[in-house]
Amino acid sequence: MMIKNISKIFIWCIALVFVGCTDLEIEQSDSVFSTLTGEFTGVEDPNASLEGLYNDFRGQIESQENLFALQEVSSDEFLVPTRGTDWGDNGVWRTLHSHTWSATHPRIKNTWNDQNKNIFNATAIIDSRSGASTQQVAEAKFLRALSMFWLIDLYGQVPFRTPDEGPDVNPTVLTRNEATDFAITDLNEAINDLPASGPSDGLNKATKAAARYLLAKILLNKHIYNGSGTPDSGDMAEVISLVDDIKADGFDLQAGFFDLFKEDVDNETILFTTSSAGNNIWNSLHYNQVVPDQSGGWNGFTTLAEFYDSFEGDPDINIPGSNQEERRGFVPTDGSHYGIGYGFLIGQQYDAEGKPLKDRQGNPLAFTKELPNGLIVNNEVTGIRVIKYHPENGAFANHKIVFRYSDAHLMKAEAIMRSGGDPTDLVNELRVIREATPLPTVSESDLLAERGRELYMELWRRNDLIRFGQFTAPWQYKETSGDETKTLFPIPATAIISNPNLVQNPGY
């Protein structure tokens, strides 16, 4: 048994050489290969393997370091300034925001490894020899398409290995077009066999609505992925139809923006994971912002002044009565909500008794709009903080939204606009619900800004900026602009070495 287990671990590591064997923990129940030679005969327990795949996905969504970092910190929405020695981390955060990353960047490598591992494990479940049920296969196809989407979006190519290919075979590499078609096929097949569900507490697993959402997202971006630069009218029509199908399942816009990020069932959540939301709460708050079950924040992530300024309201404060739209949130001054605000925290902060807080040096804890010295030389209070999930709903509540209907609603508006129609009514429908002033007309830049205001911190900002042609535009504390090669991350150096079928992306 000992020899057999060692052999299985060795085969797994070799089979996953293109994603690396680092931190790969294999239990006997996780075995894919049933013979000493490594011949694939199916996963031993399809249900356990599928649960393992969901658990991997859960952990990847929970982390602030990898997928979240690539999609958010590389954008005009978030930055992580170094404060003394805090958040230095050998420059990994600063290089993401300033677009000076390289092929050895650990966040780039880890995200690549995570998503490739998901694809391989999903493929093993999908294989007919595993004996998975029709619904289990459909769920695995959805999860495979989701990881393939992230690789298409971030890296532009996807290694692919079948369970039968041994360690002597270098994984095939799908081009961006091939991988896009592959993911679309997976989703179209999955939709037929996934359960239909409207709003409920069981949406932490794949449903028809989740698959339709992901398919709409891929089709909306397809003209970027195939290099045409021009949306196909048929693709845009399908996006509209898919969103209509999602709405027909019972999903819709819901008032009460910050209530959506509680564990309660709402009309907007299409897919969530039971990931802890703690990282997204505490990575922004100051050390002295505390609640009963948490000693304090980690004083890291902030937003840019120009992103904050895109919201309605007095640009210099964000206390109640600043004429701000709902989504910008507020800083409570009366001790409510543990003294911790919702949305964007700027200016003086308060404790649970309504008393002004101080930083660790005894200075007023008043978050500044600007970072006068850029990304490196900062004190404890520079930068506006951002909080969407709130500790009063659980300091580490296990509910993290992945897909939300308001995004689908805005995707439909965009598909209408890219088909020559007018998205103004749809955009204003959302704005009215969010207590924002309706717009007289909606331009492309208006729609991008609206997506930012609605979906900040939800993994979509980089994707949106690229689709609207703004990812390489200049913004605060970004060292480079106009370099279109930055719309793709490099293939990690370790992956290039291990699989000669991979070709490094231009610019690296």
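## Close-up views of a predicted model

**View 1. Gln64, a loop residue and its surroundings.** Gln64 sits in the loop that links α2 (46-62) with α3 (67-73). The model shown here and in the other views is predicted. Gln64 is buried, because its relative accessible area is 9% and buried means under 20%. Which residue shares a polar contact of 3.0 Å with the side chain of Gln64? The partner is Asn283, also through its side chain. Other residues touch Gln64 too. Neighbours within four places in sequence are left aside here; the contacts of Gln64 then include Ala69, Trp87 and Trp93. Asn279, Asn283, Trp298 and Phe301 are in contact with Gln64 as well.

**View 2. Strands β3 and β9, side by side.** Strand β3 covers residues 269-276 and runs antiparallel to β9. The two strands are joined by 5 bridges. One pair to look for is Leu271 and Phe403: Leu271 stands opposite Phe403, which belongs to β9. Strand β9 spans residues 398-404. How many of the 7 residues of β9 are buried? The count is 6, and the strand is mostly covered.

**View 3. Gln476, a loop residue with partners far off in sequence.** Gln476 is part of the loop between α15 (461-467) and α16 (493-498). Start with Leu79. Leu79 and Gln476 are 397 residues apart in sequence. In space, their C-alpha atoms are 9.7 Å apart. Now turn to the contacts. With neighbours within four places in sequence left aside, Gln476 is in contact with His97. Leu304, Ala305 and Glu306 also contact Gln476, and so does Glu370.

**View 4. His99, a buried residue with a positive phi.** His99 is found between α4 (92-98) and α5 (106-126), in the loop. The phi of His99 is positive, at about 60°, although this residue is not a glycine. Is His99 buried or exposed? His99 counts as buried, because its relative accessibility is 2% and the cut-off for buried is under 20%.

**View 5. Glu435, an exposed residue with a positive phi.** Where does Glu435 lie? Look in the loop between α13 (424-433) and α14 (444-455). Glu435 is a residue other than glycine, and its phi is positive, near 60°. Glu435 is exposed, because its relative accessible area is 58% and exposed means over 50%. Set this view beside View 4: His99 is buried, whereas Glu435 is exposed.

Note on methods:
Residues are numbered from 1 along each chain as its sequence is written. This is a predicted model: local features need pLDDT of at least 70, side-chain atom pairs count only at pLDDT 80 or more; totals for chains, interfaces and linings use all residues. Side-chain values use heavy atoms; hydrogens and water are left out. Helices (H or I, at least four residues) and strands (E, at least two) are DSSP runs, numbered from the N terminus. Buried means under 20% relative accessible area, exposed over 50%, partly exposed in between (1.4 Å probe, protein chains only). A polar contact is a pair of N or O atoms within 3.5 Å; within protein, one must be able to donate a hydrogen and the other to accept it, and residues adjacent in sequence count only if both atoms are side-chain atoms. Contact means heavy atoms within 4.5 Å. Two strands pair if DSSP finds at least two bridges between them.
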